[in-house]
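Welcome! Here is a friendly briefing to read alongside the model, arranged by topic.

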Amino acid sequence: MGNVFVLDHPLIQHKLTYIRKKDTGTKEFRELVDEVAGLMAFEITRDLPVEEKTIETPVTTAVTKTLSGKKIGLVPILRAGLGMVDGVLRLIPAAKVGHVGLYRDPETLQPVEYYIKLPSDIEERELIVIDPMLATGGSANDAIASLKKRGATNIKLMCLIAAPEGVDLIKKEHPDVDIYLGALDEKLNEKGYIVPGLGDAGDRLFGTK
């Protein structure tokens with residue numbers, strides 16, 4: 001059964017405050033999202049398997065630990081997910097990156113897939129689906145379903161903030177997927193925005209309206 005983890009590290013919470021503020025400009029917003037993504041990646045990768053390795057230090061021989069070859073794949077949901085990728089890649093530079101393009105129909109609020117490009121070996125990888133906002137959950141739900149349809153079996157979801165409605169949908173449709181959040185907010189409003197939220201993550205990342 002998938003679990004929900006709210007990463008309450010003080011640095012994450014501090015930076016989220018400034019990400020939420022409406023007068024934080026595009027440059028600072030982008031930098032903060034990048035930094036929080038790296039901090040969240042540190043927590044998400046806590047359970048990666050390690051193996052012992054014998055090395056030579058300048059002083060002596062030592063038995064130390066390295067990652068045991070677990071392959072990681074990052075799958076940002078376009079476009080807002082792109083803002084979190086570099087922060088994760090700095091910690092896991094060998095990770096491969098796929099992309100899923102979805103947009104939300106303004107009338108139905110349902111996701112429409114328009115692009116998907118993935119590593120050829122996704123069935124062998126631990127995949128981290130990345131989207132700053134988990135609002136209705138429709139986009140993440142569709143993205144995860146697309147990955148599973150193509151052979152993925154080990155998936156985690158990483159979001160800056162979420163509404164309970166989105167969390168509930170992912171837990172219902174994908175009970176095997178762990179969800180990692182910077183914050184779990186109060187609710188969705190009538191327009192499908194997270195409250196208190198941070199507005200539209202894509203617009204704030206890329207300076208669009």
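**Salt bridges and their surroundings**

Lys156 and Glu126 pair up through their side chains in a salt bridge, with an N to O distance of 3.4 Å. The two partners come from distant parts of the chain, 30 residues apart: Lys156 sits in strand β10 (residues 154-162) and Glu126 in strand β8 (residues 126-130). Both Lys156 and Glu126 are buried. Please keep in mind that this is a predicted model.

**Other salt bridges**

- The count of salt bridges comes to 13.
- Asp176 and Lys148 form one of them, at 2.8 Å from N to O.
- This pair also ties together distant parts of the chain, 28 residues apart, with Asp176 in the loop between α5 (164-173) and β11, and Lys148 in helix α4 (residues 138-149).
- Asp176 counts as partly exposed because its relative accessibility is 44%, and Lys148 is partly exposed with a relative accessible area of 28%.
- A further salt bridge joins the side chains of Glu173 and Lys172 at 2.9 Å, N to O.
- Here Glu173 is partly exposed, at 37% relative accessible area, while Lys172 counts as exposed, at 64% relative accessibility.
- Lys71, Asp121, Glu124 and Arg125 are joined into one network by salt bridges that share partners.

**A buried acid without a salt bridge**

- Asp178 belongs to strand β11 (residues 178-184).
- Which side chain of opposite charge is nearest to Asp178? That is Lys156, 5.4 Å away, and Asp178 is buried yet has no salt bridge.
- The distance of 5.4 Å is beyond the 4 Å limit for a salt bridge, so the pair does not count as one.
- A polar atom of the Asp178 side chain does lie 2.8 Å from the backbone nitrogen of Asn3.

**Nonpolar surface and strand residues**

- Val4, Val6 and Leu184 make a nonpolar surface patch of about 200 Å².
- Val4 lies in strand β1 (residues 4-6) and is partly exposed, its relative accessible area being 30%.
- Val195 has its place in strand β13 (residues 194-195) and counts as partly exposed, at 23% relative accessibility.
- Between Val195 and Ala163 there are 7.7 Å in space, C-alpha to C-alpha, although the two are 32 residues apart in sequence.

**Annotated domain**

- An unreviewed UniProt entry lists residues 6-208 as "domain: Phosphoribosyltransferase".
- Across residues 6-208, the chain is 33% helix and 32% strand.
- The end C-alpha atoms of that stretch are 29 Å apart.

Technical notes:
Residues are numbered from 1 along each chain as its sequence is written. This is a predicted model: local features need pLDDT of at least 70, side-chain atom pairs count only at pLDDT 80 or more; totals for chains, interfaces and linings use all residues. Side-chain values use heavy atoms; hydrogens and water are left out. Patches are made of residues with over 30% relative accessible area and no salt bridge: like charges are joined within 9 Å, nonpolar side chains (Val, Leu, Ile, Met, Phe, Trp, Tyr) within 5 Å. Accessible areas come from the Shrake-Rupley method with a 1.4 Å probe; for residues, only the protein chains shown count as cover. Helices (H or I, at least four residues) and strands (E, at least two) are DSSP runs, numbered from the N terminus. Buried means under 20% relative accessible area, exposed over 50%, partly exposed in between (1.4 Å probe, protein chains only). Lys and Arg count as positive and Asp and Glu as negative; His and the chain ends are not counted. A polar contact is a pair of N or O atoms within 3.5 Å; within protein, one must be able to donate a hydrogen and the other to accept it, and residues adjacent in sequence count only if both atoms are side-chain atoms. UniProt positions are given in the numbering used here, feature names are shortened, and annotations may be inferred rather than shown by experiment.
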